[in-house]
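Q: Could you walk me through a structure I have just loaded? I would like to start with one loop residue and then move on to the ligands and the strands.

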Amino acid sequence: YDAISSVVRRKVKVTNIAELEKQGLMFAIQESQKDLPDGGLALCEKPSYIWHATAGVIFAPYERPALSKGYLLPQGAPRLPAFHTCVGSSDELLTEEWYNEHGIVLILGTRVVSADVPRKTLLTSSGETISYKTLIVATGARAVKLEEFRVRGSDARNVCYLRNVDDADKLVGVMGSCPGGNAVVVGGGYIGMECAAALVNNNIKVTMVFPGKHCMDRFFTPKIAEFYESYYTSKGVAFVKEAAVTSMQISAGKVTGVLLGDGRRLPADMVVVGVGARANTGLFDGQLAMEKGGIKVNGRMQASDPSVYAVGDVAAFPVKLFGGDVIRLEHVDCARRTARHAVAAILDPSGSAVGDIDYLPFFYSRVFSLSWQFYGDNVGEAVPFGDLAPGDGSAAPKFGAYWVREGRIAGAFLEGGSPQENEAVAAVVRRGATVADVAELERRGLAFATQA
Ligand code: NAD
Ligand code: ISD
């Protein structure tokens, strides 16, 4: 056991899977006797194949964005502890030691199986009852499974979701098992787009399938989507749009083909599924008010029972900028800021210093050498700016769009912005800059924000 845990912790590189299989346990025993640098920090230069052995390794909380980006790089991919919680907000990295040093009891590998809100108690899977005065719920969201669309196959060895480190390790392992092979990516949202780019970077041929007219249909305009689809196509990605997956062909525990509603069959050495997420509210159903699929909270992130606060993906909270409309946002920036706000509010029970959260919704993504940011809401008229032609890849693209509602900027998207440009775009959304003439806005484009 020690030898196995040692090679897993150190993510020992595997160059030949057949050799690994032949050596079996001896591989771990021999490797564990080598004087290698301490584990955890070791970087995988190539996809590692020991993912299945990592399942069940329990980590302190970590941030998720790396999992669909850097974690999947063929070389120099970051591994924990590099992206434990708070690293992304340039704060202290919250490793297990950090909790110890700060007097926080961190109970890992334990599931809360029920909550009794009136009694202020939680029951854990180990049978322990934990009492609280104040509870912060940060249970996040879970991936929607294929089975919810009556498609079987989630358990196949080469079908991957992406929500946690185990999922990412499985994905890395499966990619390593089929170099040059065919991947079908189901879904054209964040996971679909980021994983498709990672698959291409790992030398795997990609076909993306989704029901929408274009990728990222939650907020890309058709023109913006066209740019990214052309870019992906130039990297060899094929798009099958307005299509439904109806079943998977499975042989010996692995998917070999994906069948579509129109009778087409897509050959598959692996499948990545990213068809959305659902907030994990189950512990509190019937005990707390719910809205937008999450726990409804006020501007202090306080639920209908005042001893409970909710933050991150699971929280539905009022956004001042949207006139107090309650929304639920699945994004790391929102998770960080709502968590901070809840803690500040808890530490200020009178509410004299901490008022209601004033959040500017923000999303970003990075794929290939592209990088976009979005602020606010995609409501009203979309006004594009910049050069949306895909180009030959020699110059970094820079383009975007404003959304104008009732004569004011309600949202903005920018691809390829510098930190200053992104800040300027965020600022015009934040203050709801007045737009007197939409044609003039289109003509000025980015300068409308940067020279405001
Ligand atoms: P998503 O909502 O972004 O995209 C879902 C996609 O699946 C859409 O394209 C939708 O049309 C498609 N879809 C729905 N049903 C389908 C079906 N039956 N067959 C094929 N396609 C179907 O969700 P996601 O991409 O799964 O991401 C999950 C979560 O992870 C979200 O909360 C997301 O915000 C988060 N995430 C965010 C980032 C980021 O912010 N950069 C990156 C990765 C993940
Ligand atoms: O930015 C992101 C990202 O890449 C995710 O996976 O936000 C999400 C999560 O961290 C929150 O759902």
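Q: Does D377 count as buried, exposed or something in between, and why?
A: In this predicted model, D377 counts as partly exposed because it has 19 C-beta neighbours inside 10 Å, and a residue is called buried at 20 or more.

Q: Where does D377 lie, and what does it touch?
A: D377 lies in the loop between β21 (370-376) and β22 (381-386). Leaving out residues up to four places away in sequence, D377 touches F322, P361, W403, A410 and G411.

Q: And how many Å apart are D377 and R408?
A: From C-alpha to C-alpha, D377 and R408 are 12 Å apart in space, while 31 residues apart in sequence.

Q: OK, ligands now. Which residues are closest to ligand 1, and how many surround it?
A: Ligand 1 is surrounded by 27 residues, of which G187, G189, I191, G274 and E330 are the closest.

Q: What kinds of residue make up that shell around ligand 1?
A: The shell around ligand 1 divides into 13 nonpolar, 10 polar and four charged residues.

Q: Which elements supply at least two residues of that shell?
A: Both α7 (190-201) and β20 (362-367) supply at least two residues each to the shell around ligand 1, and the largest share, four residues, comes from α7.

Q: Then what surrounds ligand 2?
A: The residues around ligand 2 are R64, P65, S68, D313, E330, H331, V332 and A335, and they divide into three nonpolar, two polar and three charged. E330 appears here around ligand 2 and is also listed among the closest residues to ligand 1.

Q: Switching to sheets: in what order do the strands run in the one with β10, β11 and β12?
A: That open sheet has three strands in the order β10-β11-β12, with antiparallel pairing. β10 (245-251) and β12 (265-267) each have a single partner strand and stand at the edges, so one side of each is left without a neighbour in the sheet. From one strand to the next, the twist averages 30°.

Q: How many bridges join β10 to β11?
A: Six bridges join β10 to β11 (residues 254-260), and the two strands run antiparallel. As one example of the register, S247 has L259 in β11 as its bridge partner.

Q: What about the sheet of four strands?
A: The sheet of four strands is open too, with the order β15-β16-β18-β19 and mixed pairing. Its edge strands are β15 (290-291) and β19 (325-328), each of which pairs on one side only. Between β15 and β16 (residues 294-296) there are two bridges, with the strands running antiparallel, and E291 stands opposite G294 in β16.

Q: I also wanted to ask about β1 and β2: what do they form, and how many residues lie between them?
A: β1 and β2 form a hairpin with four residues between them, and K120 in the turn has a positive phi of about 60°. Strand β1 (residues 112-116) pairs with strand β2 (residues 121-124) in the antiparallel sense over four bridges, and the bridge partner of V112 in β2 is T124.

Q: Last one, a helix: what span does α6 reach, and which of its residues are buried?
A: Helix α6 (residues 165-177) has 13 residues and reaches 18 Å from its first C-alpha to its last, close to the 18 Å expected at 1.5 Å a residue. The buried residues of α6 are V165, A168, D169, K170, L171, V172, G173, V174 and M175, so the stretch that includes D169 and K170 meets the cut-off of 20 or more C-beta neighbours within 10 Å.

Notes:
Residues are numbered from 1 along each chain as its sequence is written. Chains are lettered from A and ligands numbered from 1 in the order in which they are written. This is a predicted model: local features need pLDDT of at least 70, side-chain atom pairs count only at pLDDT 80 or more; totals for chains, interfaces and linings use all residues. The expected span of a helix is 1.5 Å times one less than its number of residues. A residue is buried if 20 or more other C-beta atoms lie within 10 Å of its own, exposed if 12 or fewer, and partly exposed in between; C-beta atoms are placed from the backbone. A residue is near a molecule or strand if its C-beta atom, placed from the backbone, lies within 6 Å of it. Ala, Val, Leu, Ile, Met, Phe, Trp, Tyr, Cys and Pro count as nonpolar, Asp, Glu, Lys and Arg as charged, and the others, Gly among them, as polar. Two strands pair if DSSP finds at least two bridges between them. Axes are lines fitted to C-alpha atoms, for helices over the stretch in contact, and angles run from 0 to 180 degrees between N-to-C directions. Two residues are in contact if their C-beta atoms, placed from the backbone, lie within 7 Å.
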